[in-house]
Amino acid sequence: MKPVAFDDAETYEPEDGWRRVSMAGSDQFSFEWFEKPPGHSSPMHDHENEQVCLCLEGELTVATEDDSVTLQKNDSVLLKSNETHRVENTGDGLAVGLDVFAPGRSFDFWTDREE
């Protein structure tokens, strides 16, 4: 067993107000808790990992090149491997979510990637 206390977990802000926290995981899957201020959007991007995005609080709109869906509390969406997408807080308050990646990905994805 390998517990990860939230307050002791590795964390960083890829952009102001966009906080990400690395939760327990492995090479097979990884979990990243995140919060986004109103209006914040990640850039369009893709990765080899499949991703489930779960909205824990607020409103998140997940857009691909072909479609978009707005998630409310406890809603989720599956993104396939290499599916180009972005995640935006389209609500009026702070949005909080949890990303699950399979296989697990490096926590430095947003700091070590090329635009």
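This is a short group-meeting talk about one predicted protein model.

Okay, hi everyone. Before I start, please keep in mind that we're looking at a predicted model. I'll begin with the sheet, then go to the pocket, the rings and a few backbone oddities.

So, the sheet. Six strands come together in an open sheet, and if you walk across it you meet E1, E2, E3, E9, E4 and E7, in that order, with antiparallel pairing. Which strands sit at the edges? Those are E1, residues 11–15, and E7, residues 76–79, and each of them pairs on one side only. As you go from one strand to the next, the twist averages 25°.

Let's walk across part of that sheet. E2 covers residues 18–22, and it pairs with E3 through 4 bridges, antiparallel. If you want a spot to look at there, find Arg19, whose bridge partner in E3 is Glu35.

Next comes E3 with E9. How many bridges join E3 to E9? There are 7, and the two strands run antiparallel. You can pick out Ser30, which stands opposite Phe101 in E9. Another place to look is Glu32, which has Asp99 as its bridge partner in E9.

Are these strands out in the open or enclosed? For E3, 6 of the 7 residues are buried, so the strand is largely enclosed by the rest of the structure. E9 is largely enclosed as well, because 6 of its 8 residues are buried.

On the other side of E9 we get E4, and that pair is antiparallel over 7 bridges. Look for Cys55 there, with Gly97 in E9 as its bridge partner. Then E4, residues 50–57, pairs with E7 over 4 bridges, again in the antiparallel sense. In that pairing, Val52 has Leu78 in E7 as its bridge partner.

Now the pocket. The largest pocket holds about 230 Å³ of space. Its lining is made of 16 residues, and the ones that lie nearest its centre are Ser22, Met23, Gly25, Ser26 and Ser30. Which element gives the largest share of that lining? It's E3, with 3 residues. You've met Ser30 already, as the residue opposite Phe101 in E9.

On to the rings. When we talk about a pair of aromatic rings, we give the distance of the centres and the angle of the planes. This structure holds 3 aromatic pairs. One of them is Phe6 with Trp33, an edge-to-face pair at 4.9 Å centre to centre, with 80° between the planes. That pair links distant parts of the chain, since Phe6 is in the segment before E1 and Trp33 is in E3, 27 residues apart. How do the two partners compare in exposure? Phe6 has a relative accessible area of 31%, so we call it partly exposed, while Trp33, at 17%, is buried.

Another of these pairs is Phe29 with Phe31, also edge-to-face, at 5.6 Å centre to centre and 90° between the planes. Phe29 comes out partly exposed because its relative accessibility is 37%, and Phe31 is partly exposed too, at 25%.

There's also a charge story around Arg105. Its charged end sits over the ring of Phe101, 3.9 Å from the ring centre. Arg105 also lies over the face of Phe109, at 4.1 Å from that ring's centre.

Last part: the backbone oddities. Most residues other than glycine have a negative phi, and most peptide bonds are trans. With that in mind, where is the cis peptide bond? It joins Ala102 and Pro103, with omega about -10°. Pro103 lies in the segment after E9, which covers residues 95–102.

Then there are two asparagines with positive phi. Asn74 has a phi near 75°, and you'll find it in the loop between E6, residues 68–71, and E7. Is Asn74 buried or exposed? Its relative accessibility is 55%, and the cut-off for exposed is over 50%, so it counts as exposed.

Asn82 has a phi near 65°, and it lies in the loop between E7 and E8, residues 85–89. This one has a relative accessible area of 47%, so it's partly exposed.

That's it from me. If you'd like a place to begin on your own, go to E3, whose Ser30 is among the residues nearest the centre of the largest pocket. Thanks!

Terms used: Residues numbered from 1 in each chain as written. Predicted model: local features only at pLDDT ≥ 70, side-chain atom pairs only at ≥ 80, totals over all residues. Heavy atoms only, no water. Pairing = 2+ DSSP bridges. Axes fitted to C-alpha atoms, helices over the stretch in contact; angles between N-to-C directions. Buried < 20%, exposed > 50% of the residue type's maximum accessible area, 1.4 Å probe, protein only. Phe/Tyr/Trp six-rings, centres within 6.5 Å; stacked < 30°, edge-to-face > 60°. Lys NZ or Arg CZ within 6 Å of the ring centre and 35° of its normal. 1 Å grid on protein atoms, 1.4 Å probe; cavity = no way out; pocket = protein on both sides within 12 Å on 5 of 7 lines; lining within 4 Å. Points joined across faces, edges and corners; volume = space filled by probe spheres on them.
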